[in-house]
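Hi there,

Here is the structure I promised to pass on. Have a look at it first, and my notes follow underneath.

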Amino acid sequence: MSETNNKQRIAVYPGSFDPVTMGHLDIIQRAAKQFDVLIVAVLNNRSKNPLFTVEERMDLIRQVTGHIPNIEVDSFRDLTANYVRQKNAQAIMRGIRSVTDFEYEMQMASTNHKLNPEAETVFMMTNPKYSYLSSSIVKEIAAYHGDVTDLVPPEVEKALRSKF
């Protein structure tokens, strides 16, 4: 067997995941089938004011992906292209909900390719039933004590209730 056949196919799914939604989980489950290892990487973005700490977000992701054996959960505070290189990953996984997402994601993919030509960005269309869903919408609904049952896993719903 050649060395290239022994190399694990590793993808990084970066995001803020504040909080992880059913849309994120859908992408995670489907992407995990395509790669040997899927690293769900929580971005520690200084410019955002998150509801959940990085540690809380990582813990929630671990709770809702515990049944998927090839998932790793990590965090980073760097350019995605640099982080992907550090992890020896070949792909950056991104979910797309709409044409608006596609325009932004194309720009990011081109930038990441410029910074790390070894990594390909892989786009996965979000399940249509989650096409409107974002972490921001979930937080807005939860802040007003609305029902987020179908929008987030039960563990996340519980964490949201404790925050609001």
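**The loops and their backbone**

P19 sits in the loop between strand 1 (10–15) and helix 2; helices (H or I, at least four residues) and strands (E, at least two) are DSSP runs, numbered from the N terminus. Please keep in mind that this is a predicted model, in which local features need pLDDT of at least 70 and side-chain atom pairs count only at pLDDT 80 or more, while totals for chains, interfaces and linings use all residues. Residues are numbered from 1 along each chain as its sequence is written, and side-chain values use heavy atoms, with hydrogens and water left out.

Back to that loop: the peptide bond from D18 to P19 is cis, with omega near 0°. Most peptide bonds are trans, and most residues other than glycine have a negative phi. Two residues go against the phi tendency. N88, in the loop between helix 4 (80–86) and strand 4 (91–96), has a positive phi of about 55° although it is not a glycine. H145 lies in the loop between helix 6 (135–143) and helix 7, and its phi is near 60°, again positive in a residue other than glycine.

For accessibility, buried means under 20% relative accessible area, exposed over 50%, and partly exposed in between (1.4 Å probe, protein chains only). N88 counts as exposed at 54% relative accessibility, and H145 is exposed with a relative accessible area of 61%.

**Helix 2 and N112**

Just after the loop that holds the cis bond comes helix 2. T21 caps the N-terminal end of helix 2, with a side-chain oxygen 3.2 Å from the backbone nitrogen of G23. Eight of the eleven residues of helix 2 (residues 22–32) are buried, so the helix is largely enclosed by the rest of the structure. The buried ones are G23, H24, L25, D26, I27, I28, A31 and A32.

Another buried residue is N112, at 10% relative accessibility. N112 belongs to helix 5 (residues 99–115). Leaving aside residues up to four places away in sequence, N112 touches T80, A81 and I92; contact means heavy atoms within 4.5 Å.

**How two helices meet**

The axes of helix 3 (residues 54–65) and helix 7 (residues 154–163) come within 9 Å and cross at roughly 150°. Axes are lines fitted to C-alpha atoms, for helices over the stretch in contact, and angles run from 0 to 180 degrees between N-to-C directions. Helix 3 and helix 7 are therefore roughly antiparallel to each other (angles over 145 degrees count as such, under 35 as roughly parallel, 65 to 115 as roughly perpendicular and the rest as oblique). Helix 3 brings E56, L60, Q63 and V64 to the contact, and helix 7 brings E155, V156, A159 and K163. These residues divide into four nonpolar, one polar and three charged.

**The whole chain**

The protein has seven helices and five strands, in the order α-β-α-β-α-β-α-β-α-β-α-α from the N terminus on. Its C-alpha trace spans about 55 × 35 × 30 Å along the principal axes. Of the 164 residues, 45% count as buried. Among contacts with a separation of 6 or more, 75% come from residues 24 or more positions apart.

Best wishes

Note on methods:
A polar contact is a pair of N or O atoms within 3.5 Å; within protein, one must be able to donate a hydrogen and the other to accept it, and residues adjacent in sequence count only if both atoms are side-chain atoms. Ala, Val, Leu, Ile, Met, Phe, Trp, Tyr, Cys and Pro count as nonpolar, Asp, Glu, Lys and Arg as charged, and the others, Gly among them, as polar.
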